[in-house]
Amino acid sequence: MGSIFQQLTIRTDRDLYRFAVALQSNAACVEFTLTSDITAVTGGERLTLFIHPKAMLKLESCIITATRNYHPDERLMINGYQSWSESREYRIDERLPGLRPLFKPVTRRYHLADYGDEYFYPYPAKPGVLHSHTYTYIRRGTQAEWLGSLSEKEGFTIFEHDTRQKTLTIRKDCARLEIDQSYRLFDLFIGYGAVETIATEYFDSMGIPRPRATAACGWTSWYRYYTGISETIILENLHAFQERQIPLDFFQIDDGYQQAIGDWLVLMQLLFYLFLTIYVTPYFALLPELGHTAEERLNLSTWISITYALGIILASQVPLLAEVLQRSLVLGGKVPALQLTIGLIALVAALFMFFPVWFIDEKTYCQSGRAEIPLREALRRTFHNRHFIYYVAADFTYFMGLTIIMTGLLYYITVLLRLEAALMGVLLPLLVIASFLFYPLVNVLAKKTGKKVLVVVSFLFMSGIFLMIYFLGRLPLDSQLQAYLIVICFALPLSFLGILPNAILADIAEHDALASGIKQEGMFFAARTLMQKFGQTFGVLLFAALTTLGKDPGHDLGVRLSGLCGALLCLLAGLYFLRYNEKQVLEETEVFFRNEMQAERE
């Protein structure tokens, strides 16, 4: 029965190849060779087709075609895509109903096409053109011809009937697939017999046993009410089944039982960032008040980054600590153990956050004073500070790029490198620890060369790393090695940019206070935090927009472009920051500070 196929067509990124007899014998071309095998199995034949690339090969399509006359009495079994499209027998003159063009604005707005196969397979909506996933059969009376894929690991197999053109087409979903070793294109079962018998033989060939579960009867709220349910609606339906004595095996309350999707999470995130901003703004404003020289401010910024890294390392151990608590306290499951662990760490964090309140006497250690100017005037003065403008422009651009990369990290691992998501549990702690190890180097170099040059070099170095993201998965290196190299290289500029920007802003705030006599360090750090949050928000939005261009293995243009965007943004940040005059700020600050000390002694 394998002889029913007349032609195999393979398209690569370089050329189009057609083979008339590839399914009966071996074949070869410039880019690859083909081997096929047809063996007899219970109920029919098994056809296996392998492609052997001679070098790295990028496939675009692989299609087997055959000519077939369809009879009006025949029925075509069309297996829908997963559970999102209908599976049933069709007449040879029926059509598959796709999403209506009239409703395209609605389907785009709510991404309805993403639920079925329309986003990767076109619906011609013509009579007699029907496609089926994984398997199909053509039945006339009690007998059927069965065609099915025995393996979908290599990609979806789609069977397309065009009853008017009298063609049967088998497509392998392999667009943009890159291979450099032998690859199984098709593994097909071709059988003939009674539908139930041949179906059993087909699924037996895949090692799938006959389902033993008995049929169940149930009700779900989704297909009648979607998310518009309430306690009243649920009770009314329960009472209706009870009154009519309709037996049910299950009664499912689907989506909509919560007030809104993610309402609790959104509220908690808003409160978290609100109180985080309220805390960190005056906290960082202590930098220029406690550090009276550039070296002191640099040292304070270094220690802040060290404790921040230690906190991140401790927080990353939550799963491990939860397991320890679960075993030692005999807690009833992972969830209570996680809740207790997070609660304990939050308590420890709260205690440490009170340390500056309890142990720093501002009257003793700080030269602080209360600003008397109105809020609007303070904001105007802050954003009219020339040094701050260059700083905050670079900072905004950098955080936008950094957010794109951090948001896309999971995609770089799973889509570009095609590794398991679990690797993130190793890479993120490694990133923090590697960055932590570079902190002493940052402090030493900043005292020798100055902070500005190190920040500019870090921006440019990070731009180069982000540029590498575009080529991930295409480099002649092991995928895991690429992942570890990116993380370790990323840790170096991240360590510099974790310490130096805070110290530089403290320099700017101190310079402004001494030059103007108006102390508004808190306003500088608040304005920086505001622009930082804007940068992070725009970064998330830009990454989300890029993913519309491709975010899946083999269709990953959007994910790759995010690396280019991050590289461009970090390059712009470096160029912006070149305008910052560190020498002027530090020299004038030193003069102002000496004059102020001399005035106090006099």
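Among contacts in the protein chain between residues at least 6 apart in sequence, 70% join residues at least 24 apart; contact here means heavy atoms within 4.5 Å. The model is a predicted one, where local features need pLDDT of at least 70, side-chain atom pairs count only at pLDDT 80 or more, and totals for chains, interfaces and linings use all residues. Residues are numbered from 1 along each chain as its sequence is written, and side-chain values use heavy atoms, with hydrogens and water left out.

On to the overall build. The protein chain carries 19 helices and 17 strands, both being DSSP runs numbered from the N terminus (helices are H or I with at least four residues, strands E with at least two). Its radius of gyration is 33 Å, whereas a compact globule of 602 residues would come out near 25 Å. That radius is taken over C-alpha atoms, and the globule rule is 2.2 Å times the number of residues to the power 0.38. Along the principal axes, the C-alpha trace spans about 110 × 75 × 55 Å. Of the 602 residues, 41% count as buried, with buried meaning under 20% relative accessible area, exposed over 50%, and partly exposed in between (1.4 Å probe, protein chains only).

Now for the cores. A nonpolar core is a set of buried Ala, Val, Leu, Ile, Met, Phe, Trp, Tyr and Cys residues joined through side-chain atoms within 4.5 Å. The largest one has 74 residues, and Tyr398, Tyr412, Phe466, Leu500 and Phe577 have the most contacts inside it. Helix α12 (residues 386-416) gives the most to this core, with 17 residues. Another core lies apart from it, with 37 residues, among them Ile10, Phe32, Ile64 and Phe159. In soluble globular proteins, nonpolar side chains tend to be buried together.

Phe466 is a handy place to look around. Leaving out residues up to four places away in sequence, Phe466 touches Gly401, Ile405, Phe490, Gly563, Leu564, Gly566, Ala567 and Cys570.

Phe466 also turns up in the lining of the largest cavity, together with Ile405, Met406, Leu409, Leu427, Leu428, Leu431, Ile465, Ile469, Ile486, Val487 and Phe490. A cavity is a set of points, on a 1 Å grid over the protein atoms alone, where a 1.4 Å probe fits but cannot get out; lining residues have an atom within 4 Å of a point. Grid points are joined across faces, edges and corners, and a volume is the space filled by probe spheres set on the points. There are 5 cavities of 30 Å³ or more by this rule, and the largest holds about 80 Å³ of space. By class, its lining has 12 nonpolar, no polar and no charged residues. In this scheme Ala, Val, Leu, Ile, Met, Phe, Trp, Tyr, Cys and Pro are nonpolar, Asp, Glu, Lys and Arg are charged, and the others, Gly among them, are polar. Helices α12, α13 (424-437), α15 (451-469) and α16 (479-516) each supply at least two residues of that lining.

Helix α16 also holds Ile499 and His511. Ile499 is buried, at a relative accessible area of 0%, and touches Leu298, Ser301, Thr302, Ser305, Tyr439 and Val442, again not counting residues up to four places away in sequence. His511 counts as buried because its relative accessibility is 7%. With the same sequence neighbours left out, His511 touches His387, Val585, Glu588, Thr589 and Phe592.

Here are some C-alpha to C-alpha separations.

| Pair | Apart in sequence | Apart in space |
|---|---|---|
| Ile499 and Asp13 | 486 residues | 47 Å |
| His511 and Glu587 | 76 residues | 9.4 Å |
| Glu118 and Tyr81 | 37 residues | 9.7 Å |

Glu118, from the table's last row, is found in the loop between α1 (104-109) and β9 (129-133). With 29% relative accessibility, Glu118 is partly exposed.

Finally, some backbone oddities. Most residues other than glycine have a negative phi, and most peptide bonds are trans. Arg176 is not a glycine, yet has a positive phi of about 65 degrees. Arg176 sits in the loop between β13 (167-172) and β14 (177-179) and is partly exposed, at 33% relative accessible area. Gln245, likewise not a glycine, has a positive phi of about 55 degrees. Gln245 lies in the loop between α4 (231-243) and β17 (250-252), and counts as exposed at 70% relative accessibility.

Terms used
1 Å grid on protein atoms, 1.4 Å probe; cavity = no way out; pocket = protein on both sides within 12 Å on 5 of 7 lines; lining within 4 Å.
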